[in-house]
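Please find below a short note on the model under review. The points are numbered for ease of reply.

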Amino acid sequence: MNAKNCTLIVLSLLVLSLSSLFFINKLYAMETDPAMNKFVTKKVKIKCRHEYALDEAERSSLREILSECFPECFSDRIFYKQLPTMRLLAFYEKRLVGQLGIDHRVISANGLPHQIFGVVDLCVTRTFRGEGIGTLLLTALEVLAGKHEIYHLIAFADHHELYKKLGYEQVNAKCRFLAIEDLSSHSVIERDESKILLIKSYKPVDFTDKTIDLLGHLF
C-alpha cells in the first residue's frame, strides 16, 4: 500500500490497564498537500491521568498549552470553571503537545439519568496542529469510554468538523446548567445550545428536542 492510494488514517493503540495509564505508540496521520498526499509518522504517547495525580511538571506544561490555545480564558491556572475528572495528555518526545479534559458525570434528559464523558478544552499546541493529534485524543477517549461502559460522549464546540468526522452528531436540545464566573456560582441557566452541542452515543438514546440537565456547570 503506497501513499498515493491510501485513504485511511491508521492508529496503533496499545491499552495498558495500570493506574489508568495507556499508550498510543505510533500515530500514522495523513497530511493533505495540494500537490500530493503523504504520510507523516510520529511517535506519540498518550497518558490518561486523574486530575489529583498530576505532577508539577504536567501542571506546568498544561498551563503553557492552555494559555496558548485559550488566552482569553487561561492565565495562571489549569481550569476555567472547574477541574475535570481526568485528562488525556499527548506527548511527543516528552513534550506536551495536546490535551483533552474529561468530565465524568451523570446528566439528566427529561428526567432519565445517563452516564457521560464530557470533552473539556480539547486543544493542540500551534506547531503540531494538522498532524492528527486531535483525532488521536478523541479516539483514545472512545477507547477509554468503551473499556468502562460509558455510552455517551458530549462536547460543546464552535467548530464541528473534527467531531462530525468522528461520528458526533449536532443535537437540537435545551441545556440546563450551573453558571460559574470568576470562581463564583451565580445562577442556573436554561437555553438552547443546538449550535454547539455534539453527542456521540453507543446506545440508542435520542436526545433531540429534550431538555438536558447537565447537573453542574457547562464543560
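**Note on strand pairing and burial**

1. R105 has I116 in β7 as its bridge partner. The two strands concerned, β6 and β7 (residues 112-124), are antiparallel and share 11 bridges. Strands here are DSSP runs of E with at least two residues, helices are runs of H or I with at least four residues, and both are numbered from the N terminus. Two strands count as paired if DSSP finds at least two bridges between them.

2. The basis of these statements should be kept in mind. This is a predicted model, in which local features need pLDDT of at least 70 and side-chain atom pairs count only at pLDDT 80 or more, whereas totals for chains, interfaces and linings use all residues. Residues are numbered from 1 along each chain as its sequence is written, and side-chain values use heavy atoms, with hydrogens and water left out.

3. The turn between β6 and β7 merits inspection. These strands form a hairpin with two residues between them, and N110 in that turn has a positive phi of about 55°.

4. Strand β6 also pairs with β5 (residues 86-92), in the antiparallel sense and through seven bridges. Within this pairing, A90 lies opposite G98 of β6. The hairpin of β5 and β6 has two residues between the strands, and E93 adopts a positive phi near 50° there.

5. A further partner of β6 is strand β13 (residues 211-217), to which two bridges join it in an antiparallel arrangement. In this pairing S108 faces D213 of β13.

6. How many residues of β6 are buried? Strand β6 (residues 95-109) is mostly covered, with 12 of its 15 residues buried. Buried means under 20% relative accessible area, exposed means over 50%, and partly exposed lies in between, with a 1.4 Å probe and protein chains only.

7. E58 deserves a separate remark. This residue belongs to helix α1 (residues 56-69) and counts as buried because its relative accessibility is 7%. Beyond neighbours within four places in sequence, E58 is in contact (heavy atoms within 4.5 Å) with K47, R49, A53 and L89.

8. For the protein overall, the secondary structure comprises three helices and 13 strands. Of its 219 residues, 43% count as buried. Among contacts between residues at least 6 apart in sequence, 63% join residues at least 24 apart. The protein exposes about 12000 Å², of which carbon and sulfur atoms supply 51%; accessible areas come from the Shrake-Rupley method with a 1.4 Å probe.
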